[in-house]
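Let's talk through the empty space inside this one. Have a look at the model, then we'll go through it turn by turn.

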Amino acid sequence: MIEAINVSKSFGDNLVLDNVSVRFDPGMCNLIIGQSGSGKTVLMKCLVGLFEIDSGKVLYDERVFSKMSFDEMRMIRQEIGMLFQGGALFDSMTVEENVIFPLTMFTGQTMAEKVERANFCLSRVRLENVNKLFPAELSGGMKKRVAIARAIALNPKYLFCDEPNSGLDPLTANVIDKLISEITQEYNITTVVNTHDMNSVIEIGDKISYIHQGKLWWEGDKDSILKSDNAELNEFVFATELTRKLK
Amino acid sequence: MIKGFLFHIGRYILLMRQVFKKPEKQSIFIRQIMVEVDNLGVDSVGIVAFLSTFMGAVLCIQTAFNIDTPLIPLYTIGFVTRQSVVLEFSPTIISLILAGKVGSRVASELGTMRVTEQIDAIEIIGINPATYLIFPKIVAAVIVNPILILMSMIMAILGGWMAGIFTGLVASSEYVYGIKAFFESYDIVYAMIKTVVFAFLIVSISGYHGFYTKGGAFEVGTSSTKGVVHSSIAIIVFNLILTNLLLS
Ligand SMILES: Nc1ncnc2c1ncn2[C@@H]1O[C@H](COP(=O)(O)OP(=O)(O)OP(=O)(O)O)[C@@H](O)[C@H]1O
Ligand SMILES: [Mg+2]
């Protein structure tokens with residue numbers, strides 16, 4: 001379980017997160033939704049400690065993460081898998097080396113075991129025969145999928161995905177959504193997903209937190225989101241013809 | 001201005017404290033040093049050899065032209081060339097060249113990794129990115145630069161020898177006699193101490209600028225320039241300090 005309590009973050013005069021308190025439970029896909037620029041990425045980076053928060057607390061299973069020293073944080077980070085919005089693959093390494101990297105650093109596995117694990121993770125994101133390619137040789141969506149494979153390589157206890165399926169075709173996007181949801185239940189992971197894709201919301205939204213103007217505006221799940229009478233939320237949810245029809 | 005300078009010095013020292021932590025895995029660390037030796041060292045052999053040979057030749061010819069009285073023996077040419085090369089040209093000038101070559105490479109590599117969130121990704125995996133990325137580069141430069149500088153000395157002296165013979169300004173025997181004359185091994189020690197300090201300055205300062213790049217491709221360029229300029233300035237300043245400490 002991850003908890004953010006009264007978290008605020010600003011960049012200069014720009015108050016991006018305003019007293020956000022939110023809880024993410026294990027075995028569930030916790031979605032953070034909101035318009036572009038609403039602060040989803042900033043919230044996620046505050047949760048994992050890449051941004052220092054101005055006030056408030058972040059807890060990982062009762063451990064006060066936001067007060068930890070860099071070295072204490074590293075211990076918890078070994079239990080974290082994260083997919084960055086831009087993929088953030090190591091461009092000096094091949095696909096296989098990227099996925100193997102966390103295994104090399106933190107397990108005593110033999111090369112054969114590591115390659116087997118990498119192939120397993122890559123096959124789960126439907127990537128085959130790309131092991132020896134470099135990130136520069138991949139399409140945008142393929143990069144994203146390699147990044148997911150890397151994030152799940154170490155069987156993380158906490159999984160963060162910043163827009164896992166932006167830039168993917170609907171079919172692959174759906175595969176990724178299902179994968180995230182499956183492994184979340186299978187390994188009882190605390191999963192946090194940033195998205196503005198309503199398909200994902202309907203597909204895997206076990207718990208949904210809507211961020212608007214830096215505040216936590218609404219919370220619910222995939223069923224209640226379509227029935228809410230929150231005006232700002234509805235503006236976001238029913239922005240397209242398709243979702244209006246769904247209603 | 002002064003505030004900015006102190007800010008950078010403070011942050012630089014804090015970064016260095018992160019850099020010199022125990023690496024996560026010894027075997028990976030060794031492998032990375034090898035890679036960096038290749039990237040930063042082997043890659044520079046050609047340019048160092050080329051520059052040194054030509055500069056040695058020029059030093060020899062200039063010295064020869066400045067000796068216009070028969071009272072000064074011709075072997076002085078060999079002696080002066082050797083002293084200039086060993087004391088100043090190879091350790092300082094070649095280090096400045098390497099600051100341009102190695103510094104821009106290190107700063108832009110780390111800067112690109114920063115702006116594409118690769119450094120964040122390393123941090124999230126639970127690895128200390130400063131140790132993982134910068135430590136092996138510093139070790140590699142500290143190992144490889146002295147070798148490059150020794151090679152530079154040899155090439156420069158050889159260049160001088162060839163120039164002396166081809167121009168007929170000094171005979172081989174006299175030049176060689178000059179090269180061996182009044183030789184003090186402490187000069188080499190002094191040159192090597194300078195080289196090692198400069199190697200550290202080049203990689204740590206340009207690494208610092210790369211590591212703290214903010215923004216995008218444009219800022220990577222800015223960091224790379226800053227890395228080169230600031231490590232060159234540091235080399236010049238430390239050259240004076242070390243010369244004072246070691247030769248007086
Ligand atoms: N490093 C930073 N420095 C300064 N301001 C930042 C930084 N990162 C984000 N911001 C600001 O924070 C706000 C929220 O940005 P954020 O990236 O969290 O949006 P987002 O919800 O993830 O949007 P998107 O859906 O487009 O990814 C923006 O106004 C942005 O300008
Ligand atoms: Mg974002």
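**Cavities in the predicted model**

In this predicted model, the lining of the second largest cavity splits into six nonpolar, three polar and four charged residues.

Q: What is the volume of that second largest cavity, and which residues are closest to its centre?
A: The volume comes to about 100 Å³. Among its 13 lining residues, Pro23(B), Glu24(B), Ile127(B), Thr131(B) and Tyr132(B) are closest to the centre.

Q: What makes Glu24(B) a lining residue here?
A: A lining residue has an atom within 4 Å of a cavity point. Glu24(B) is listed in the lining of the second largest cavity, so it has such an atom.

Q: Which elements give two or more residues to this lining?
A: Those are α2 (26–41) and α6 (129–167) of chain B. The most comes from α2(B), with three residues.

Q: How many cavities of 30 Å³ or more are there, and what is the volume of the largest?
A: There are three, and the largest has about 120 Å³. Of the 13 residues lining the largest cavity, Gly81(A), Met82(A), Arg150(A), Ala151(A) and Ile125(B) are closest to its centre. The elements giving two or more residues are β6 (80–83) and α5 (140–152) of chain A, plus α5 (118–125) of chain B.

Q: Why do Met82(A) and Arg150(A) fall into opposite classes, nonpolar or charged?
A: Met counts as nonpolar and Arg as charged, so Met82(A) goes with the nonpolar group and Arg150(A) with the charged one. Overall, the largest cavity's lining has 10 nonpolar, one polar and two charged residues.

Methods
Residues numbered from 1 in each chain as written. Chains lettered and ligands numbered in written order. Predicted model: local features only at pLDDT ≥ 70, side-chain atom pairs only at ≥ 80, totals over all residues. Heavy atoms only, no water. 1 Å grid on protein atoms, 1.4 Å probe; cavity = no way out; pocket = protein on both sides within 12 Å on 5 of 7 lines; lining within 4 Å. Points joined across faces, edges and corners; volume = space filled by probe spheres on them. Helix = DSSP H or I, 4+ residues; strand = E, 2+ residues; numbered from the N terminus.
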